[in-house]
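I opened this model today to work through its fold. My notes run from the whole chain down to one residue pair.

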Amino acid sequence: MPQGKPEYVPEDGLTTRERRNRPLVMVHTGPGKGKSTAAFGLALRAWNQGWPIGVYQFVKSAKWRIGEENALLALGRLYNETGEGGPVFWSKMGEGWSWIQRPGTEADHEADAREGWEQIKRDLAAETYRLYVLDEFTYPMKWGWVDVEDVVAALRDRPGNQHVVITGRDADPRLVEIADLVTEMGKVRHPMDRGQKGQKGIEW
């Protein structure tokens, strides 16, 4: 897109403004670091525009307190107090990978993930948010906890002007096919390759 201008303009009958403002499905996938980080950066832009934001995390423990959560919820409180920006909702859908260390069975976590997806469908139908961040949502689809065809249909048929960004490795080809923007993040080098664990301010 040289100088911000698309190289191809489809003959779809839309005006430039209508085409520019179409709601998007975005997928951040691949083995590299930064998929969720990029999605939360997008959420910051959305908050600045005054958009209602819904964040759903699918494989992070409810006990984890990550930096993006604290920052975005603080911005949500700022909106509640001053009207600046937009409202922020944050939900964690089950324990995900943490079943290895915490109580609960895989079936419990699968049920939590399914209910999380059902809530997202209800929110999409009600046009609750302008931006949805479905963090690590590729994994419940990969594990068979959430039906990919159901996800594709709900995203394709969602009403209004709702943007959705999905993060996680191994995005299903059917999801990639219907997405408007797909970024695959590759790994060239990572500190863990040299035995360095994650650190504050970088990983959380």
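The entries below record what I looked up.

**Whole chain.** I noted at the outset that this is a predicted model. I looked up the secondary structure and found seven helices and six strands. Reading along the sequence, I wrote down α-β-α-β-α-β-α-β-α-α-β-α-β.

**Burial and surface.** I checked burial next. Of the 204 residues in the chain, 39% are buried. The exposed surface comes to about 11,900 Å². Carbon and sulfur atoms supply 50% of that surface.

**Contacts.** I then took the contacts between residues at least 6 apart in sequence; 79% of them join residues at least 24 apart.

**Sheet.** In what order do the six strands lie in the sheet? I read 3-2-4-5-1-6, in an open sheet with parallel pairing. Strand 3 (88-92) and strand 6 (181-184) are the edges, and each pairs on one side only. From one strand to the next I get an average twist of 10 degrees.

**One strand pair.** I followed strand 2, residues 53-57, to its pairing with strand 3. The two run parallel, and five bridges join them. Within this pair I looked up Val55: its bridge partner in strand 3 is Trp90.

**A helix on the sheet.** Which strands does helix 2 touch? Helix 2 covers residues 35-48 and packs on the sheet. I listed strand 1 (25-29), strand 2, strand 3, strand 4 (131-135) and strand 5 (163-167) as its contacts. I also noted its direction against strand 4: the angle is about 165 degrees.

Terms used
Residues are numbered from 1 along each chain as its sequence is written. This is a predicted model: local features need pLDDT of at least 70, side-chain atom pairs count only at pLDDT 80 or more; totals for chains, interfaces and linings use all residues. Side-chain values use heavy atoms; hydrogens and water are left out. Helices (H or I, at least four residues) and strands (E, at least two) are DSSP runs, numbered from the N terminus. Buried means under 20% relative accessible area, exposed over 50%, partly exposed in between (1.4 Å probe, protein chains only). Contact means heavy atoms within 4.5 Å. Accessible areas come from the Shrake-Rupley method with a 1.4 Å probe; for residues, only the protein chains shown count as cover. Two strands pair if DSSP finds at least two bridges between them. Axes are lines fitted to C-alpha atoms, for helices over the stretch in contact, and angles run from 0 to 180 degrees between N-to-C directions.
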